[in-house]
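Hi,

Here is the structure I promised to pass on. Have a look at it first, and then read my notes below.

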Amino acid sequence: MAVYTDISDEELDALLADYDVGEALAFKGIAEGVENSNFLLETTKGRFILTLYERRVKADELPYFLNLMTWLADRGFPSARPVADREGRVLKTVREKPAAMVEFLTGLSVRRPTVAHCREAGGGLARFHLAGDGYPGRRANDLGQPSWAPMFDRLGAAAEDLKPGLAATIAGDLAMLAKAWPGGLPSGTIHADLFPDNVFFREGRFAAAIDFYFACDDAYAYDLAVMLNAWCFEADGSFNLTAARALLAGYQEHRPLSAAEREALPVLAHGAAMRFFLTRLNDWFSTPTGALVRPKDPLEYERKLAVHRAGLDLLADA
Ligand SMILES: Nc1ncnc2c1ncn2[C@@H]1O[C@H](COP(=O)(O)OP(=O)(O)OP(=O)(O)O)[C@@H](O)[C@H]1O
Ligand SMILES: N[C@@H](CCO)C(=O)O
């Protein structure tokens, strides 16, 4: 449940007095999400999401994320537009925490995406890449390939705890990834976390993307690789090639991949699985028992790593 900070009626009234959004009709915490406190606010003028940024998001990076959301919305991409107060500010402080209000988006995420959802979501990612082109904000990918080996230096014992023998296997993957990691691919602003819970559908069509707080500069094809892992594996751990091809086809309807990008997909997908394995492994062992939020299972990504290790060469001719 993701409401770490409560907001009293008085605090809400004081905040709303800065905005031209009407009067509050309803205000409630949202259970989904793990990083921040999110509230649904209904006023006489519309519906909004109020977010208090809690832990992982660095306050000085918030303008990059909020400006990106505005940039995308201005270019017709369905991302929630941040709402400015009467003085034109989108970044506020509530209970000494950075906070922002954004438009409420309608649509529902899906827990088990179908092949049709994968095609739509692939198209959504390409639209994100195209709309983001020219965004002047810069943010290096602090969870990109160069960060993985140093991160794992602190996590070897945790990997062994999870599964004896795993540390050596991961070290082998990391050495391979360092050698084979492609450079020079088309790059720009990527979402970097477009999991099914961050995509909304309406009537089966891609309707919106949320949660831009990992967005950064990196290879576009890496973003696609993150999605192949998050959208195209079955509950039994097998890779669904039909879903993967649909995701790639949906993407290429808007932005065709170069030969170099297609060739790079298997190693990018292996690396993307490593990124989520490592952050989940870190959270798994650093989240205190009884914490509000249950950490995500690193073993799910350990199984995905094993699939990539065995080779996904069929993707190249998708
Ligand atoms: N603009 C929006 N319109 C409608 N609902 C939203 C919007 N933004 C967020 N939500 C809702 O709030 C929930 C949590 O949002 P979000 O995923 O951004 O939170 P988070 O704490 O950053 O979580 P995480 O990083 O774990 O995904 C979403 O699942 C969605 O239900
Ligand atoms: N999408 C991430 C969580 C952070 O948003 C994961 O599944 O590990």
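What follows is a walk through what I found, from the whole chain down to single residues.

First, some housekeeping. This is a predicted model, in which local features need a pLDDT of at least 70 and side-chain atom pairs count only at pLDDT 80 or more, while totals for chains, interfaces and linings use all residues. Residues are numbered from 1 along each chain as its sequence is written, and chains are lettered from A and ligands numbered from 1 in the order in which they are written.

On confidence: the protein chain has an average pLDDT of 93, and 96% of the residues score at least 70. (pLDDT is the predictor's confidence in each residue, from 0 to 100.) The model's ipTM is 0.94 and its pTM is 0.95.

**The chain as a whole**

You'll find ten helices and nine strands in the protein chain. These are DSSP runs, numbered from the N terminus: H or I with at least four residues for helices, E with at least two for strands. The radius of gyration is 20 Å, close to the 20 Å that the globule rule gives for 318 residues, so the chain is as compact as a globular protein of that length. (The radius is taken over C-alpha atoms, and the rule is 2.2 Å times the number of residues to the power 0.38.) Along its principal axes, the C-alpha trace spans about 55 × 45 × 35 Å.

Of the 318 residues, 36% count as buried. Buried is 20 or more other C-beta atoms within 10 Å of a residue's own, exposed is 12 or fewer, and partly exposed is in between, with C-beta atoms placed from the backbone. As for contacts (C-beta atoms, placed from the backbone, within 7 Å), 72% of those with a separation of 6 or more come from residues 24 or more positions apart.

**Two domains**

The domain assignment splits the chain into domain 1 (9-103) and domain 2 (115-317); such bounds come from an automatic or database domain assignment. Their C-alpha centres lie 27 Å apart. Where they touch, 17 residues of domain 1 are in contact with 16 residues of domain 2. The domain 1 side of that interface has eleven nonpolar, three polar and three charged residues. For these classes, Ala, Val, Leu, Ile, Met, Phe, Trp, Tyr, Cys and Pro count as nonpolar, Asp, Glu, Lys and Arg as charged, and the others, Gly among them, as polar.

**The ligands**

Ligand 1 is surrounded by 18 residues, and the closest are Glu32, Gly33, Val34, Ala80 and Asp211. (A residue is near a molecule if its C-beta atom, placed from the backbone, lies within 6 Å of it.) Which domains supply this shell? At least three residues come from each of domain 1 and domain 2. By class, the shell around ligand 1 divides into ten nonpolar, four polar and four charged residues.

Around ligand 2 sit Asp193, Phe195, Phe276, Arg280 and Lys296. That shell has two nonpolar, no polar and three charged residues.

**Some buried residues**

Ala273 lies in helix H9 (residues 259-286). It is buried because 27 other C-beta atoms lie within 10 Å. Leaving out residues up to four places away in sequence, Ala273 touches Asn229, Tyr301, Lys304, Leu305 and His308.

Leu125 belongs to helix H3 (residues 115-132) and is buried too, with 26 other C-beta atoms within 10 Å. Beyond residues up to four places away in sequence, its contacts include Met227 and Tyr251. Leu125 and Tyr251 are 126 residues apart along the chain, yet their C-alpha atoms are separated by 6.6 Å.

Ala192 is in the loop between strand E6 (187-190) and strand E7 (199-202). Is Ala192 buried or exposed? It counts as buried, because 21 other C-beta atoms lie within 10 Å. The C-alpha atoms of Ala192 and Met227 are 8.7 Å apart, with their positions 35 residues apart along the chain.

**Two positive phi angles**

Arg95, in the loop between strand E4 (92-94) and strand E5 (97-103), has a phi near 50°, a positive value in a residue other than glycine. Arg95 is exposed, with 12 other C-beta atoms within 10 Å. Glu203 also has a positive phi of about 50° although it is not a glycine. You'll see Glu203 in the loop between E7 and strand E8 (205-209), and it is exposed because 6 other C-beta atoms lie within 10 Å.

Cheers

Definitions and conventions: Two residues are in contact if their C-beta atoms, placed from the backbone, lie within 7 Å. A residue is near a molecule or strand if its C-beta atom, placed from the backbone, lies within 6 Å of it.
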